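Got the model open in your viewer? Here's a short tour: what to select at each stop, and what you'll find there.

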Amino acid sequence: EYTVTATASAGGSITPSGAVTVAHGDSTSFTLAPNTGYHLDSVVVDGANQGVVTNYDFTNVTTGHAIAAYFSIDVFTITASASAGGSIAPSGAVSVNYGANQSFTVSPNTGYHIDSVVVDGANQGAVTNYDFTNVTTGHAIAAYFSINSYTITATASAGGNITPPGSVGVTHGGSQSFTIAPNTGYHIDSVVVDGMNQGAVTNYSFTNVTTGHSIAAYFSIDVFTITAVASAG
């Protein structure tokens, strides 16, 4: 009788296992099975790698043997991407073991905000963090960012106009110019920007806009003097 020693690494099994007794000239078979979340990596017989086989047979046994099954945990890829205007960490192809967790952090650049985070095609909203738990398959996560937009509110009193008027949108870091023009018979009295009088300017420019603003043009009617005189008598 000879002994075939059968062993298996963590992550799977070999059947039968342990010290298996075989009579001279007889045969014996072994079955290899990975656990859920694992795969067969290799089967080594008497020191020689037989590759990824699910069964192995010893025939006409005339000596002792050894068979060892090796298993590896399944690894899945989460593909993480970000549009211009921000970042996701970690990014790229992120490897995650079967059953493990993986967290992602979404951060906008200055002047941008998170528009949406899309996981496996489903919009999760403007979240700053997302966790994958008990990973058993591949996934995809994509972060989308939009540039901030600010409003400049432009108003004019009676007697003139400001161009452009109303609520004017300006993207982060952008510029916006305004032209102030009185109607006939009126003149610019003052232009007030964010509560500060800029004087009787005909133009005003906002540069590198990073917040909302207000500009108000005030006009006054022109006033003329009539000088009245009378001679003696």
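Select T105 to begin: T105 is partly exposed, with a relative accessible area of 36%. The classes used here are buried for under 20% relative accessible area, exposed for over 50% and partly exposed in between, with a 1.4 Å probe and protein chains only. Keep in mind that this is a predicted model: local features need pLDDT of at least 70 and side-chain atom pairs count only at pLDDT 80 or more, while totals for chains, interfaces and linings use all residues. Residues are numbered from 1 along each chain as its sequence is written, and side-chain values use heavy atoms, with hydrogens and water left out.

T105 lies in strand β12. Strands here are DSSP runs of E with at least two residues, helices are runs of H or I with at least four, and both are numbered from the N terminus. Now show the neighbours of T105: leaving aside residues up to four places away in sequence, T105 touches S87, I88, A89, T128 and N129. A contact means heavy atoms within 4.5 Å. For a distance check, pick the C-alpha atoms of T105 and A143: they are separated by 9.7 Å, with the two positions 38 residues apart along the chain.

**Next stop: the sheet around β12**

Which strands should you colour together here? Three of them form an open sheet, in the order β10-β12-β15, with antiparallel pairing. Strands count as paired if DSSP finds at least two bridges between them. In general, strands of a sheet pair through backbone hydrogen bonds, either parallel or antiparallel.

Look at the edges: β10 (86-89) and β15 (129-132) each have a single partner strand, so one side of each is left without a neighbour in the sheet. From one strand to the next, the twist averages 15°; axes are lines fitted to C-alpha atoms (for helices over the stretch in contact), and angles run from 0 to 180 degrees between N-to-C directions.

Zoom in on β10 and β12 (residues 102-108), which pair in the antiparallel sense over four bridges. Two cross-strand positions to label: I88 stands opposite V106 in β12, and G86 stands opposite P108 in β12. Then turn on the side chains of β10 and watch them alternate: G86 and I88 point to one face and are buried, whereas S87 and A89 point to the other and are not.

**Then a loop residue**

Select N148, in the loop between β16 (139-147) and β17 (149-156). Is N148 buried or exposed? At 17% relative accessibility, it counts as buried. Not counting residues up to four places away in sequence, N148 touches G111, Y112, H113, V170, T171 and H172.

**On to the aromatics**

How many aromatic pairs does the structure hold? Seven. Rings of Phe, Tyr and Trp (its six-membered ring) pair if their centres lie within 6.5 Å; planes under 30 degrees apart count as stacked, over 60 as edge-to-face and the rest as tilted.

Show F30 and F58: their ring centres are 5.8 Å apart and their planes sit at 90°, so the pair is edge-to-face. F30 lies in strand β4 (residues 28-34) and F58 in strand β7 (residues 55-58), so the pair ties together parts that are 28 residues apart in sequence. F30 is buried, with a relative accessible area of 0%, and F58 is buried at 5%.

Add Y56 to the selection: the rings of Y56 and F58 have centres 5.1 Å apart and planes at 70°, so that pair is edge-to-face too. Y56 counts as partly exposed, at 21% relative accessibility. Ring pairs link F30, Y56 and F58 into a cluster.

**Over to β24**

Jump to F219 in strand β24 (residues 213-221). F219 is buried, with a relative accessible area of 9%. Among the residues that F219 touches are A156, N161, I180, P182, H187 and D189, not counting those up to four places away in sequence. Draw a line from the C-alpha atom of F219 to that of G51, 168 residues away along the chain, and you get 89 Å.

**Finally, zoom all the way out**

The C-alpha atoms fill a box of roughly 160 × 25 × 20 Å, taken along the principal axes. Switch to cartoon and you'll find zero helices and 24 strands in the chain. Buried residues make up 30% of the 233 residues.
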